[in-house]
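User: Could you walk me through a few features of this model? I'd like the reasoning along with the answers.

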Amino acid sequence: MTKGFDDLLKKVSECSKKTVAVAVAEDAPVLEAIKAAKEQGIADAILVGNKAKMEEIAATLNMDLSQYEVINEEDNIQAALKAVSLVHDGKADMYMKGLIDTKNFLKSVLDKEVGLRTGKPLSHVCVFEVKGVDHLLFLTDVAFMTYPTLEDKVAIIENTVEVCHACGINEPKVAPIAAVEVVNPKMPCTVDAAELVKMNEEGKITGCIVDGPLSMDMAIDKEAASHKGGAGRKIAGDADVLLFPDIHAGNLVYKVLTHLCEMKNGCILTGTAAPVILTSRSDSFETKINSIALAAVVAESMKH
């Protein structure tokens with residue numbers, strides 16, 4: 001059972017060595033993370049982008065570029081297409097965003113010829129190790145799907161459950177989060193939550209336990225759950241996956257955790273043929289490494 005990122009890194013060491021293809025790699029924080037990932041045995045890398053600029057940055061990081069395969073491509077769009085095609089063709093196991101805007105990076109992910117589309121909706125999963133919580137928390141979707149429909153939520157659960165399984169959580173508890181824990185027709189997300197529970201009970205959503213709607217405290221705090229009469233619920237303060245009603249709720253919780261709590265986190269984009277590492281400019285060095293490690297574990301699981 002993976003309870004934190006140290007366990008996850010141990011899991012990586014048991015996998016075959018993975019390679020990450022980086023689109024527009026001339027980005028100091030990304031190269032710094034790639035260097036550390038290689039030194040820690042997490043992953044190798046193929047760097048695609050402006051080689052001269054990469055060399056300048058590498059010199060400041062004391063990074064020996066001769067240890068990496070470097071593909072010189074000065075046009076950002078072409079660099080992204082070349083990098084994603086390496087993953088598409090099985091020459092790399094995961095795909096990472098460098099110094100390219102998110103819109104064009106995602107265009108390469110969805111490219112019909114060389115991209116990683118599967119026909120499934122894409123969704124974002126953020127994995128947190130939070131001080132005081134004895135297991136990993138999987139937050140979704142905090143960055144990609146804005147206002148998921150019921151159908152989208154089914155896809156988000158399926159995508160996230162795959163990540164949970166890769167991390168060694170065999171039957172994750174999925175909590176569709178709302179402001180209340182009872183169905184209220186005036187609050188559509190509570191109606192969706194009840195529908196998701198029904199689909200789980202009917203075997204239409206598998207590999208997990210779904211219980212909702214649940215308020216945040218009932219989902220993550222055992223004491224609050226017992227005070228609020230959570231004894232008969234399938235989830236009582238021990239949720240693994242927090243499924244948010246929309247991007248605002250997810251993003252607010254994500255920012256509160258990252259700015260106010262003692263935590264570690266890593267994020268990937270899912271629903272793709274291989275894991276996609278889409279970190280933000282403001283993400284810490286540690287978050288980037290954790291995201292590469294998370295992607296490596298998921299890539300290993302997708303092989304089987």
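Analyst: Sure, here are some questions and answers on this predicted model.

User: How many disulfides are there, and why?

Analyst: A disulfide needs two cysteine sulfur atoms within 2.5 Å. For Cys261, the closest cysteine sulfur belongs to Cys126 and is 13 Å away, so that's too far for a bond. The count of disulfides is therefore zero.

User: Is Cys126 buried or exposed, and what about Cys261?

Analyst: Buried means under 20% relative accessible area, and over 50% is exposed. Cys126 has a relative accessible area of 0%, so that one is buried. Cys261 comes out at 32%, which makes this cysteine partly exposed.

User: How many aromatic pairs turn up, and which one is stacked?

Analyst: The count is two aromatic pairs. Planes under 30 degrees apart count as stacked. With 20° between the planes and 4.6 Å centre to centre, the stacked pair is Tyr95 and Phe105.

User: Where do Tyr95 and Phe105 sit in the chain, and how many residues apart are they?

Analyst: Tyr95 is in strand 4 (residues 94–97), while Phe105 belongs to helix 5 (residues 102–109). Tyr95 is buried at 0% relative accessibility, and Phe105 is buried at 0% too. The pair links distant parts of the chain, and its two residues are ten residues apart.

User: What is the geometry of the Phe128 and Tyr254 pair?

Analyst: The centres of Phe128 and Tyr254 are 5.6 Å apart, with 70° between the planes. An angle over 60 degrees counts as edge-to-face, so the pair is edge-to-face.

User: How far apart in sequence are the parts that Phe128 and Tyr254 tie together?

Analyst: Phe128 lies in strand 5 (residues 123–130), and Tyr254 in helix 10 (residues 247–260). Both residues are buried. Because one is in that strand and the other in that helix, the pair ties together parts that are 126 residues apart.

User: How many of the residues in strand 1 are buried?

Analyst: Lys18, Val20 and Val22 point one way from strand 1, and all three are buried. Thr19, Ala21 and Ala23 point the other way, and they're buried as well. For strand 1 (residues 18–23), the buried count is six of six.

User: Which residue in strand 4 stands opposite Ala21?

Analyst: Strand 1 and strand 4 run parallel, joined by four bridges. Opposite Ala21, in strand 4, is Tyr95.

User: What is the handedness of the crossover from strand 1 to strand 2?

Analyst: Strand 1 pairs with strand 2 (residues 43–49) in the parallel sense over six bridges. One bridge partner set is Thr19 with Asp44 in strand 2. The chain gets across through helix 2 (residues 28–39), and this β-α-β crossover is right-handed.

Conventions. Residues are numbered from 1 along each chain as its sequence is written. This is a predicted model: local features need pLDDT of at least 70, side-chain atom pairs count only at pLDDT 80 or more; totals for chains, interfaces and linings use all residues. Side-chain values use heavy atoms; hydrogens and water are left out. Buried means under 20% relative accessible area, exposed over 50%, partly exposed in between (1.4 Å probe, protein chains only). Rings of Phe, Tyr and Trp (its six-membered ring) pair if their centres lie within 6.5 Å; planes under 30 degrees apart count as stacked, over 60 as edge-to-face and the rest as tilted. Two strands pair if DSSP finds at least two bridges between them. A crossover is right-handed if, with the strands pointing away from the viewer, the path from the first strand over the helix to the second runs clockwise.
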